[in-house]
Amino acid sequence: MRLGRASATSAHSPSFSQCLASLPVDPVPAPTPLLATARCAKVSPCSPARMTFTNDLVDVTPPVISTAVTNMVVEEDDINYIPPTATAIDDISGDVSASISTNDTVNIAIPGLYTVTYTVLDAAGNEGRLIVQVQVVVGNRPVIFISGANPLFLEAGTTFIDPGGNITDTLQPDLSQHLQSNAAIAFGADKLGTYEITYTMAKPDRQGLTAAPVLRTVVVQDTIAPVSYVIT
Ligand SMILES: [Ca+2]
C-alpha cells in the first residue's frame, strides 16, 4: 500500500493552510483522484471551496522475495549444492530480482543448520528480506568392504594375492570397479613383518562422495621349519 499525503492549492482562501487540518485525506489509497472537493467547515474563515490535491505518494512497501523452497536438506560434501534461486517483485519498482544479495554461510563439509539470507531494496529504500534454512546432514557415503582375512597371515616367500573387496552405495550399485589398493607397493612378501594395505575409492560417486579408506593388516611370517637332507 502507498500512503497519500495531501498538499493543495486553491485560489479561494487566504487561510488555506489552516483548512488542510480538517481534511480527511491522510492516508488515502492509491490511486487517488487528483481533484477533490472538501469543505473547511471547522476552521474560520474558510468556506466551502473546491481544491486541487497533489497526491504525494510515499512507497512504504518492501519487495517480496520468493524461492522455490525455504527449507533445504543437503548431504554432507554434496558438491552440487547451490542456494535456491530467488526472485523479488516490488509493488512500485517491479521485478528487482537482479538486485538480490545473498549471504550464504553454508559449509557443506560440516553438518548443521544454516541460514541463507536474501535481501533486496526497492527504489524507495524499503528492504525485502527472506531467510532460507539449509540443513547439512551426514552424507550417505559409499562404504568399502574388504574380502578375505584381516589381519591376513602370509607365509614368507609365497605370492600375495589381494582378496580385494567391494564398494556399496545406496544409489549406485556399480562402484566396486573404483576400488583400489596400494598392495603392490605396501610390502615385500619375502620380508618378515607387519604391513598395512590401504583400500581407497579411486573415483567419487555421482554426488561427489568417496568412501572412507579401509586398512588391511598383512603379517608376513615364516612358519615352515627348515628341512635337513642327508646326502648319501
Ligand atoms: Ca515498494
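Mentor: Two residues count as in contact if their C-beta atoms, placed from the backbone, lie within 7 Å of each other. Keep in mind that this model is predicted.

Trainee: How many helices and strands are there in the protein chain?
Mentor: The chain has 232 residues, of which 16% count as buried. Its secondary structure comprises two helices and 16 strands.

Trainee: In which strand of the protein chain is confidence highest?
Mentor: The chain averages a pLDDT of 79, and 75% of the residues score at least 70. By strand, the mean is lowest, at 40, in β2 (residues 35-38). The highest mean, 97, belongs to residues 86-90, which form β6.

Trainee: For which residues does pLDDT stay under 50 while the model has 35 contacts beyond four places in sequence?
Mentor: One stretch under 50 covers residues 3-11, but the model has 31 such contacts there. The stretch with 35 contacts is residues 21-44.

Trainee: Which residues does G139 touch, not counting those up to four places away in sequence?
Mentor: G139 sits in the loop between β10 (127-137) and β11 (143-146). One of its contacts is L209. The others are E75, E76, D77 and D78.

Trainee: Is G139 exposed, partly exposed or buried?
Mentor: A residue is buried with 20 or more other C-beta atoms within 10 Å, and exposed with 12 or fewer. G139 has 17, so its class is partly exposed.

Trainee: What distance separates the C-alpha atoms of G139 and Q207?
Mentor: Along the chain, G139 and Q207 are 68 residues apart. In space, their C-alpha atoms are separated by 9.5 Å.

Trainee: Which strand gives the most to the largest nonpolar core?
Mentor: This core has twelve residues, among them I65, A86, Y118 and L130. At least two residues come from each of β6, β9 (112-121) and β10. With four residues, the one giving the most is β10.

Trainee: Which residues does A86 touch, leaving out those up to four places away in sequence?
Mentor: A86 is itself a member of the twelve-residue core. Its contacts include three fellow core members, I65, Y118 and L130. The rest are S66, T67 and I100.

Trainee: How many residues are in the other core, the one with I167 and L175?
Mentor: That core lies apart from the one that includes A86. L179 and V218 also belong to it, and its size is ten residues.

Trainee: What is the strand order of the open sheet of four strands?
Mentor: The pairing in this sheet is mixed. β12 (152-155) and β14 (179-181) stand at the edges, each with a single partner strand, so one side of each has no neighbour in the sheet. The order is β12-β16-β15-β14.

Trainee: Which residue is the bridge partner of Y195 in β16?
Mentor: Strands β15 (residues 193-201) and β16 (residues 214-221) run antiparallel and are joined by seven bridges. In β16, Y195 pairs with V218.

Trainee: And which residue in β15 is the bridge partner of S181?
Mentor: β14 and β15 also run antiparallel, with three bridges between them. The partner of S181 is Y199.

Trainee: Which two residues does a cis peptide bond join?
Mentor: Most peptide bonds are trans. Here the cis bond has an omega of about 10°, and one of its residues, P151, lies in the loop between β11 and β12. The pair is N150 and P151.

How values were computed
Residues are numbered from 1 along each chain as its sequence is written. This is a predicted model: local features need pLDDT of at least 70, side-chain atom pairs count only at pLDDT 80 or more; totals for chains, interfaces and linings use all residues. Two strands pair if DSSP finds at least two bridges between them. pLDDT is the predictor's confidence in each residue, from 0 to 100. A nonpolar core is a set of buried Ala, Val, Leu, Ile, Met, Phe, Trp, Tyr and Cys residues joined through C-beta atoms within 7 Å.
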